[in-house]
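Got your viewer open? Here's a short tour, one selection at a time.

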Amino acid sequence: MTAQMKRQIFTEDHEAFRQVVRTFLAREVTPHYEQWEKDGIVSREAWRAAGKQGLLGPAVPEEYGGGGQHDFRYSAVLAEEFTRVGASGLAVGLHNDIIGPYLTTLGTDEQKRRWLPGFCSGEIITAIAMTEPGAGSDLQGIRTHAEDAGDHWILNGAKTFISNGILADLVIVVAKTTPEGGAHGLSLLVVERGMAGFERGSNLDKIGQKSQDTAELFFHDVRVPKENLLGELNGAFVHLMTHLAQERMGIAVAGIAAAEHLLEITSEYVKEREAFGRPLAKLQHIRFEIAEMATECAVTRAFLDRCIADHSAGELDAVHASMAKWWATELQKRVADRCLQLHGGYGYMAEHRVARAFTDGRIQTIYGGTTEIMKEIIGRSLLG
C-alpha cells in the first residue's frame with residue numbers, strides 16, 4: 001500500500017529518462033559520495049560524466065550540444081532522483097535550471113557559441129553570484145559595482161554563500177552599473193576562471209550538504225570584457241525576476257521528493273524496530289505520525305505535480321511557484337524532524353540517511369528566497 005496517488009504527469013519517455021538517471025547515479029555518484037562529503041567537493045570527472053550521459057543542458061538547443069527539450073518534467077525527474085539518493089553535492093539543478101536559462105535566453109549568438117558547448121559537456125561548471133555579506137534576499141542592497149572603462153568593465157565587490165563557488169569556471173555576477181543600483185541599475189556580468197583580480201575564499205563549512213562546494217567570491221578591479229555583459233545593461237532586476245519561478249520550482253520539487261523518501265525510509269524502520277516486545281508500527285502514536293505525514297505528502301504532491309505540468313506548459317506564475325516553494329520546503333523540514341525523532345538515537349547518527357537528510361535539507365527554506373519572502377510575494381498578490 002502507498003498513500004501516493006498514481007502520478008499523471010509523466011510519459012514513457014520521462015520514465016525511460018528516470019532509468020537513465022538512476023543508472024548514472026548508481027555508477028558515477030553513489031560509490032564516490034562518502035569521499036566527496038569528506039573532501040567537501042565533488043570531482044570534476046563526475047560533471048564530465050553527467051555531460052557525457054546527457055544530463056547537462058537538457059533545455060539547451062541541440063546545435064550547442066544540449067537536449068533541445070524545454071519540458072520541465074525532465075528537470076523534475078533529475079531533481080527527484082538526485083534527492084532520493086541524497087546527492088546534493090553534484091548541483092545539476094543549479095546548473096541546468098537556474099543558470100542555463102540565463103545563458104540560453106539572454107546570451108548573444110557569440111556568447112552561446114563560446115559557453116554552451118562546455119556547459120553541456122561538463123567542461124564548464126557554472127555559478128550565479130547574487131548574495132552578499134550585507135544583502136541576501138534584498139537585491140536592492142547589492143554593493144558589488146562595475147565601472148564603465150570603455151571596452152571593459154572594472155568590477156569590485158564580494159559575494160558569499162555561492163554554490164559551486166570553488167569549482168565554477170563561469171560565474172554570473174549581479175553588480176551595480178549605475179551609482180544608485182536597485183531595480184533600474186543592476187546588470188549581469190559573466191566572470192570567467194582566470195580573470196585577474198577574481199579570487200575565491202575558502203570552501204565554507206556548512207552544517208549540511210558537505211560535498212556542495214560553497215564559497216565567498218572576491219572581485220578586485222576585475223577587467224570584464226564588454227562582450228561578457230549578459231542581457232540588457234541595467235536590466236538584471238527584470239532578468240532575475242523572470243527566472244526565479246523556475247529556481248523555486250526546482251527547490252520545491254526536491255523538497256517534496258525528500259519528504260516522500262524520508263517517509264518511505266521511516267515507514268520501513270518502524271515496522272522492523274521493536275520496543276516493549278513489539279514493532280513500533282503497532283503503537284497507535286506511531287501510526288498516527290505516519291498517517292499525518294503521508295497525508296501531507298500526498299496533498300502536497302498533488303499540488304506540486306499540477307505546478308510542474310503548468311510550468312512545462314509555460315503557464316506557471318510567480319505566486320504559485322512561491323506557494324510551492326514555501327509549502328514543500330517547510331513540509332520537508334517538518335518531515336525530516338519527525339522522521340529523525342521516530343528513528344530515536346539512530347536518527348542522530350551521521351551515517352544514517354535520515355540524519356543527513358535532516359542537515360542537508362535545512363537550507364531549503366532559506367535559499368531561493370526564504371519562506372518569509374515567499375509569504376510576502378503571495379500576500380502582496382492577494383492584498384496589494
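A quick word on names before you click: helices here are DSSP runs of H or I with at least four residues, numbered from the N terminus. Keep in mind, too, that this is a predicted model.

Start by selecting residues 11–123, where UniProt, in an unreviewed entry, places "domain: Acyl-CoA dehydrogenase/oxidase N-terminal". That span is 66% helix and 0% strand, and its end C-alpha atoms sit 31 Å apart.

Now jump to residues 240–383, which the unreviewed UniProt entry annotates as "domain: Acyl-CoA dehydrogenase/oxidase C-terminal". Here you get 76% helix and 3% strand, with 24 Å between the end C-alpha atoms.

Next, go inside. Show F24, F82, L90 and M249 as sticks: in the largest nonpolar core, a set of 59 residues, these four touch the most other members. Color the helices that feed it with two or more residues each: α1 (12–29), α2 (33–39), α3 (44–52), α4 (72–84), α7 (236–272), α8 (284–312), α9 and α10. Which helix gives the largest share? That's α7, with ten residues. The core also takes at least three residues from each of domain 1 (12–124) and domain 3 (237–383).

Last stop, the surface. Pick Y348, in the loop between α9 (318–343) and α10 (353–360). Buried or exposed? Y348 has a relative accessible area of 67%, and the cut-off for exposed is over 50%, so Y348 counts as exposed. Add Y346 and M349 to the selection: together with Y348 they make a nonpolar surface patch of about 370 Å². In soluble globular proteins, by contrast, nonpolar side chains tend to be buried together.

Terms used:
Residues numbered from 1 in each chain as written. Predicted model: local features only at pLDDT ≥ 70, side-chain atom pairs only at ≥ 80, totals over all residues. Heavy atoms only, no water. Patch = residues over 30% accessible without salt bridge, like charges linked within 9 Å, V, L, I, M, F, W, Y side chains within 5 Å. Areas by Shrake-Rupley, 256 points an atom, 1.4 Å probe, with all protein chains shown as cover. Salt bridge = Lys/Arg side-chain N within 4 Å of Asp/Glu carboxyl O. Buried < 20%, exposed > 50% of the residue type's maximum accessible area, 1.4 Å probe, protein only. UniProt positions renumbered as here; feature names shortened; annotations may be inferred. Core = buried A, V, L, I, M, F, W, Y, C linked by side-chain atoms within 4.5 Å. Domains from an automatic or database assignment.
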